[in-house]
There are 2 protein chains.
Amino acid sequence: MLKQKITLKHIAKELDVSISTVSKALKNSEEISRDTKEKIQAFAKLYNYKPNNIAISLKNKRTKNIGVIIPDIVHHFFTTVIRGIENYANAKGYNVIVCLSDESFDKEVINMEMLANGSIDGFIMSLSAGTEKKKDFNHLKEVTEQGIPMVLFDRVTSEINCDKVLIDDIQGAYVATKKLLDEGRRKIALLTTEDFFSVSMNRNKGYRKALKDFGLEVNPDLVLKLPFMDIDEAKIEEFLNQIEPDAILSVNEIFGIYGMRVVQRKGLNVPKDISIIGFTDGLLAKHANPSITSVAQHGELMGETAAKMLIEKVESENEEETYRTEILQPTLIERESTLNQV
Amino acid sequence: MLKQKITLKHIAKELDVSISTVSKALKNSEEISRDTKEKIQAFAKLYNYKPNNIAISLKNKRTKNIGVIIPDIVHHFFTTVIRGIENYANAKGYNVIVCLSDESFDKEVINMEMLANGSIDGFIMSLSAGTEKKKDFNHLKEVTEQGIPMVLFDRVTSEINCDKVLIDDIQGAYVATKKLLDEGRRKIALLTTEDFFSVSMNRNKGYRKALKDFGLEVNPDLVLKLPFMDIDEAKIEEFLNQIEPDAILSVNEIFGIYGMRVVQRKGLNVPKDISIIGFTDGLLAKHANPSITSVAQHGELMGETAAKMLIEKVESENEEETYRTEILQPTLIERESTLNQV
DNA sequence: TATCAACACGAAACCGTTTTCGTCTTTTTT
DNA sequence: AAAAAAGACGAAAACGGTTTCGTGTTGATA
């Protein structure tokens, strides 16, 4: 019953030729006579011969695998990035090995070490919260020093020299804030995470820049910094009750959802009484009621871009150390949670 | 700059011993003298030696990789399953290679063939829509006949002999329908997919069974079959306008969301005028307004269970062909879209 | 007919490990 | 002191391929 995988050796023995002849015949080498080639190819086809990937990897020192390490997979954004990576990588004949760091520094290190010992040709990753907090990038440094190509996306660090893909978070927040200001909103609350996230910092910058450009003071009381896990709805409610904003900008999708729920419970109408804009154009924003205007991060494009950059590096012979940083432009998707200006 | 990965050969040459000695010393073999072992181990540590996974895989015919093929990754359910698989697999020292079939038969076949040639020790998968529609399972058959362990989850087929994990879909739909009946609802619409999904069929069965047990006729006009992609909201609206149900049961999350939006637009109050229950307890159901009562499928547990079954098979020496089917019990998560009976 | 390509194929090294089976020393036993 | 038994290490095969470099046959050339 158990049809064992067939190898070159089996074919060679069966047809009474050498292993090298079989190998060459299957690659249609000119060295081998027409007759022999046909015989071998027919036999191989009959028994559905497929070369063993592992053996080829060992020989070529190329695995055709790319390692992806992300903080979490239940976030819609990361999920779309993976899809983009998969798209591009599969088309180029690569497999994608996904590992989750669970936002933990330790898991990130363990996973990297696991993959770095020959399992993959290169990394695509986004830093875990733990890593961003600890600011320890030695595991990344080691890997890049070994000559393993790496592309960082979204949550990146300037301490590592490698290719990067990010969206222009400052610009995204700027455009979103400007949209709210243009609507006539003046008291714009910002729901953000703790400071160590590079991404949140930039969105905060964009928010402040827009206010300044508009000639408004930046009021720190309008900014609420929340831990990124275990969201405390009561805290949001207290904050919003106290400052009574006429608009909310959230640095992610979920804070925006919570914010909307709170103000709706207070009897406010979105967007008549208060406008809401979130980051990350995910399913929640799209299907909320009202649907939430969002800054789209184009995760799929990000994934494709990252995969493209990585595979180019992997397949390029030259060892020149030039690194690119690709900055994607975010898009404001206008929905029902903001006033329509048309 | 480029610190080349160090191998046994390097160590052997540097310390003027044989490769075998180095290998044994690093495994703390009794064969090697204390002095030599210490010297070698110190050297290996200093240069951060890590054995090459590929070489070990080739030697052992074990990759410590498990291949996961799922139809889509942006579905929250699959995402939670992956998380469960990752959890368990990583703890056991396995990597997870994720491939997406994109609901396509062809991509499923290609991905399986790619992985089946030595890259992985076993498969965990859920059938693509294309495969369920086509009812062609030869690629699965080939893989299992080669002795590669496989676990099917959620979207399974009885045509393949292997381990399976699923939830009791009949029971899930039964409980949900019963809940609606107990509320006094009598005109329960069912939003479902086309027939070829094993999962939807079972949910349909549970729905009918509950009605019958309650002494009600099953009215086929109350059932709307929708294509699973490119949801046509107008069709849902027309359907609901026509039959004017007092409850909606949806076989997934998204149809429920659309259903709710349609009835809310008509001015109906959920749950006062109409109750809604969906399948798959995802973020959309949780954060909808009102939040939607759902049949939880426990994706993470499903993933863990599948990984556990697979790894047990992979690591068991005996070749006995006994296959288990693990049936998980769904849970009804009551939320705001149904009447509270307390 | 001796020489030389061209042809068709095989031997062997190699990728980085693991592991079995020698083999050479040294120590213990009788 | 000779024989046996440890002790410590190396050679080599194996995993499944690829590839370089022979080498033995042909057939053509001089």
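**Salt bridges**

I counted the salt bridges of this predicted model and obtained 38 over all chains.

I then looked up individual pairs. In chain A, D213(A) and K209(A) join their side chains in a salt bridge, with an N to O distance of 4.0 Å. Both belong to helix α10 (residues 198-213) of chain A, and because they are 4 residues apart there, about one helical turn separates them. For K209(A) I noted a relative accessible area of 43%, which means that this residue is partly exposed.

The next pair I examined was E233(A) with R265(A), whose side chains form a salt bridge at 3.2 Å, N to O. This pair links distant parts of the chain: E233(A) is in helix α11 (residues 233-243) of chain A, R265(A) is in helix α12 (residues 253-265) of chain A, and the two are 32 residues apart. R265(A) is partly exposed, at a relative accessible area of 47%.

In chain B, I found a salt bridge between the side chains of E183(B) and K179(B), at 3.7 Å, N to O. Are these two residues buried or exposed? I recorded E183(B) as buried and K179(B) as buried too.

In chain A, I traced a network of salt bridges that links K179(A), E183(A), R185(A) and E334(A).

**Relation of chains A and B**

I superposed chain A on chain B; the operation is a rotation of 180° with 0.0 Å of shift along its axis, and the RMSD is 0.1 Å. This is therefore the relation of a two-fold axis. Which C-alpha of chain A is nearest the axis? I identified that of I97(A), 2.1 Å from the axis. I also checked the contact residues: 100% of those of chain A recur in chain B, so the same surface serves both copies.

**DNA strand C**

I listed 28 residues around DNA strand C, of which T21(A), K24(A), E31(A), T36(A) and S23(B) come nearest. By class, this surface comprises 9 nonpolar, 9 polar and 10 charged residues. Of the strand C atoms within 4 Å of the protein, I found that 62% belong to sugar or phosphate, the rest being base atoms.

I then looked up contacts to phosphate oxygens of strand C. A polar side-chain atom of K61(A) is 2.8 Å from one. For S18(A), a polar backbone atom is at 2.9 Å, and for L8(B), a backbone N or O atom is at 2.9 Å. Elements giving two or more residues to the surface near strand C are α2 (19-26) and α4 (53-60) of chain A, with α1 (8-15), α2 (19-26) and α4 (53-60) of chain B. I noted that α2(B) gives the most, with 4 residues.

**DNA strand D**

Around DNA strand D I listed 27 residues, of which K59(A), T21(B), K24(B), E31(B) and T36(B) come nearest. The surface near this strand divides into 9 nonpolar, 9 polar and 9 charged residues. Sugar or phosphate accounts for 56% of the strand D atoms within 4 Å of the protein, and bases for the rest.

Which atom of strand D does the side chain of S20(B) approach at 3.2 Å? I found a base nitrogen, at that distance from a side-chain N or O atom of S20(B). The side chain of S23(A) has an N or O atom 2.8 Å from a phosphate oxygen of strand D, and a backbone N or O atom of L8(A) is 2.9 Å from a phosphate oxygen of that strand. I recorded α2(A) as giving the most to the surface near strand D, with 4 residues.

Definitions and conventions
Residues are numbered from 1 along each chain as its sequence is written. Chains are lettered from A and ligands numbered from 1 in the order in which they are written. This is a predicted model: local features need pLDDT of at least 70, side-chain atom pairs count only at pLDDT 80 or more; totals for chains, interfaces and linings use all residues. Side-chain values use heavy atoms; hydrogens and water are left out. Copies are superposed by least squares on the C-alpha atoms of residues with pLDDT of at least 70 in both. Contact means heavy atoms within 4.5 Å. Buried means under 20% relative accessible area, exposed over 50%, partly exposed in between (1.4 Å probe, protein chains only). A residue is near a molecule or strand if one of its heavy atoms lies within 4 Å of it. A polar contact is a pair of N or O atoms within 3.5 Å; within protein, one must be able to donate a hydrogen and the other to accept it, and residues adjacent in sequence count only if both atoms are side-chain atoms. Ala, Val, Leu, Ile, Met, Phe, Trp, Tyr, Cys and Pro count as nonpolar, Asp, Glu, Lys and Arg as charged, and the others, Gly among them, as polar.
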